[in-house]
Amino acid sequence: MSQPSTLKQPVLPRHLPVKDFHIPEDQYINECIIENCTINAKDIHRLIFEQVIFKNVTFEDVSFPQIELTDVEFHKCDLSNVDFSEAIFHRVAFMECRMLGIILADATLGNVLFKECQGNFGVFGFGKMKHVFFDTCFLEQCDFYECQFKEVGFSACQLNEANFAHTPLKGIDLSNNQFEQLQITLPDLNSCTVSSKQAIGFAKALGLHIKDE
């Protein structure tokens, strides 16, 4: 499954200055590259980033609830256990990032790409996602509980034991993703596309006995 043509990319100037990370009084950071550094022990609400590229940045013990990101890219960053709860993301890309246990609960994501990311144990519960694409990501035991999906895609992802309970999967194609079991609410599987092997797995989860012909 290729990246949807409807997914809008971050809009960034061709040349951006490299700047050290510091938080200005107005909590607004824009038009810069932040690279090769560690951001640690920060707990700040309502930060705003616009037209920013993060490269090889490690976030340690960071809590940025209600952060707003517009036209932002993360390249090979470590965002493990970062708290981005109640975030608003618009035209954001995560490329080859480590984001184990990232918290995006109650977040609103629009036109967001996750590509080749290590995102096991991530928390996306109660999120609103529109035009979001997960490409070749590890998402085992992630929590997508009671999310709202519109034009959301998963391609070549590891999804074993992910929790999609009370999340309607209408229009979602899971057929080329890998999982042995998912946590799901059966009515929410309506109009979801799965492979024949996955369908057998769901049938067994329902307690059906599959007889070979």
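Q: How many aromatic pairs does the structure hold?
A: There are 22 aromatic pairs, a pair being rings of Phe, Tyr or Trp (its six-membered ring) whose centres lie within 6.5 Å. This is a predicted model, where local features need pLDDT of at least 70, side-chain atom pairs count only at pLDDT 80 or more, and totals for chains, interfaces and linings use all residues. Residues are numbered from 1 along each chain as its sequence is written, and side-chain values use heavy atoms, leaving out hydrogens and water.

Q: Why is the aromatic pair of Phe-154 and Phe-164 called edge-to-face?
A: Planes under 30 degrees apart count as stacked, over 60 as edge-to-face and the rest as tilted. The centres of Phe-154 and Phe-164 are 5.9 Å apart and their planes are at 85°, so the pair is edge-to-face.

Q: What makes this pair a tie between parts of the chain?
A: Phe-154 sits in strand β7 (residues 148-155) and Phe-164 in the loop between β7 and α1 (196-205), so the pair ties together parts that are 10 residues apart in sequence. Helices (H or I, at least four residues) and strands (E, at least two) are DSSP runs, numbered from the N terminus.

Q: How do you know that Glu-73 has no salt bridge?
A: A salt bridge needs a side-chain nitrogen of Lys or Arg within 4 Å of a carboxyl oxygen of Asp or Glu. For Glu-73, the nearest side chain of opposite charge (Lys and Arg positive, Asp and Glu negative; His and chain ends not counted) is Lys-55, 7.5 Å away.

Methods. Buried < 20%, exposed > 50% of the residue type's maximum accessible area, 1.4 Å probe, protein only.
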